[in-house]
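Trainee: I am new to this structure and would like a close look at a single part. Could you take one helix and walk me through it slowly?

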Amino acid sequence: MTAPIRFPRFFVTSPAPCPYLPGRSERKVFTELKGAHADQLNEALGRIGFRRSQTVAYRPSCLDCQACVSVRVATGDFRPSSTQRRNLKVNSDLIATECRPWATEEQFELLLKYLGVRHPDGGMATMDEMDYADMVEHTPVSSMVIEYREPTETGEPGRLVGACLTDRQGDGLSMIYSFYDPEHAERSGLGNYIILDHIRRSAAEGLPYVYLGYWVEGSPRMQYKVRYRPLEKLTRDGWVRMSSDEQDGLIAEATKRRELPLVGAHKDGQQSQFETS
């Protein structure tokens, strides 16, 4: 006889400084992912805006702000822009390999390089190898690390230039955390390429979505997410596809901000409790 599925217990964190918008505070609601039904629970919560961090699923629950919006790319209708097509062409020689969620020294060294250049003052900058192993390996759901390597002269996988911790769900791939060589002299847009590869990979598997985490209007570091069309956002009425006009406006605004200095150190601002994407 199959044991009944128990309704999860939810908890709320104490208010803390917002990692995305200066001067605001954040609060999260969270629950533990464990047991035989962890995958099903993670997928169900993912569809209503939760994100996973190790064995916890969480989402913002701020009292006076709804700026954090869950977004996902509709892979079946995705059409790359001219810039994205160039990115795919430039990086088409990279060898992507799905690996079990097991941390390696090579991955950790690449992560430290990424954090040192892009987010030197962020909460993750103090991570040690054990912290990284916990982030990757403490997963109760179907997860993988996708490695991106340059080919050797003989065509074998060579130097690691990018990686992404990814959850495989019934309706898509959820990108938990990605990092890459930020100072590669001959390649540009590695971070964007990792997203484009996830979109292509998801579509090839017949999965309708790639989950990108939270988009926060007004947070410069989050604006890259609006460049993938078509983008769906989670609203009070469920998932709604952004109109072309709305995305045009957001992309134009993001382009204006690209030359402005960015505030904050984590890829989505200052690292917050549970945040990995």
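Mentor: Here is a walk along one helix, followed by a neighbouring topic or two for context.

Please keep in mind that this is a predicted model. Its mean pLDDT is 89, and 90% of the residues score at least 70.

Let us take helix α3, which runs over residues 105-118. How far apart should its ends be? With 14 residues at 1.5 Å a residue, α3 should span 20 Å, and its end C-alpha atoms are indeed 20 Å apart, so the two agree. Now look at the side chains. Gln107, Phe108, Leu110, Leu111, Tyr114 and Leu115 of α3 are buried. Viewed down the axis of α3, these buried residues fall within an arc of 160 degrees, so they line one face of the helix. What do they pack against? The partners of the buried residues of α3 are helix α4 (129-137) and the strands β9 (143-151), β10 (157-169) and β11 (172-180). One of these partners, β9, has the highest mean pLDDT among the elements of the protein, at 98.

From α3 we can step over to α4, where Val136 is found. Is Val136 buried or exposed? Its relative accessibility is 1%, and because buried means under 20%, Val136 counts as buried. Leaving aside neighbours within four places in sequence, Val136 is in contact with Pro101, Trp102, Ala103, Val145 and Leu165. Val136 also lies 9.3 Å from Ser53, C-alpha to C-alpha, although 83 residues separate the two in sequence.

For a second helix to set beside α3, try α6, residues 244-257. Helix α6 has 14 residues and reaches 20 Å from its first C-alpha to its last, close to the 20 Å expected. Its buried residues are Gln247, Leu250, Ile251 and Ala254. Seen down the axis of α6, they fall within an arc of 100 degrees, so they line one face of the helix. On the other side of α6, Asp245 and Lys256 are exposed. The buried residues of α6 pack against β12 (209-216) and β13 (231-235).

A word on confidence to finish. Among the elements of the protein, α6 has the lowest mean pLDDT, 88. Over residues 259-272, pLDDT stays under 50, and the model has 44 contacts beyond four places in sequence for them. Where pLDDT is low, the predicted coordinates should not be read in detail.

Terms used:
Residues are numbered from 1 along each chain as its sequence is written. This is a predicted model: local features need pLDDT of at least 70, side-chain atom pairs count only at pLDDT 80 or more; totals for chains, interfaces and linings use all residues. Side-chain values use heavy atoms; hydrogens and water are left out. Helices (H or I, at least four residues) and strands (E, at least two) are DSSP runs, numbered from the N terminus. The expected span of a helix is 1.5 Å times one less than its number of residues. Buried means under 20% relative accessible area, exposed over 50%, partly exposed in between (1.4 Å probe, protein chains only). The arc is that of the directions from the helix axis to the C-beta atoms. Contact means heavy atoms within 4.5 Å. pLDDT is the predictor's confidence in each residue, from 0 to 100.
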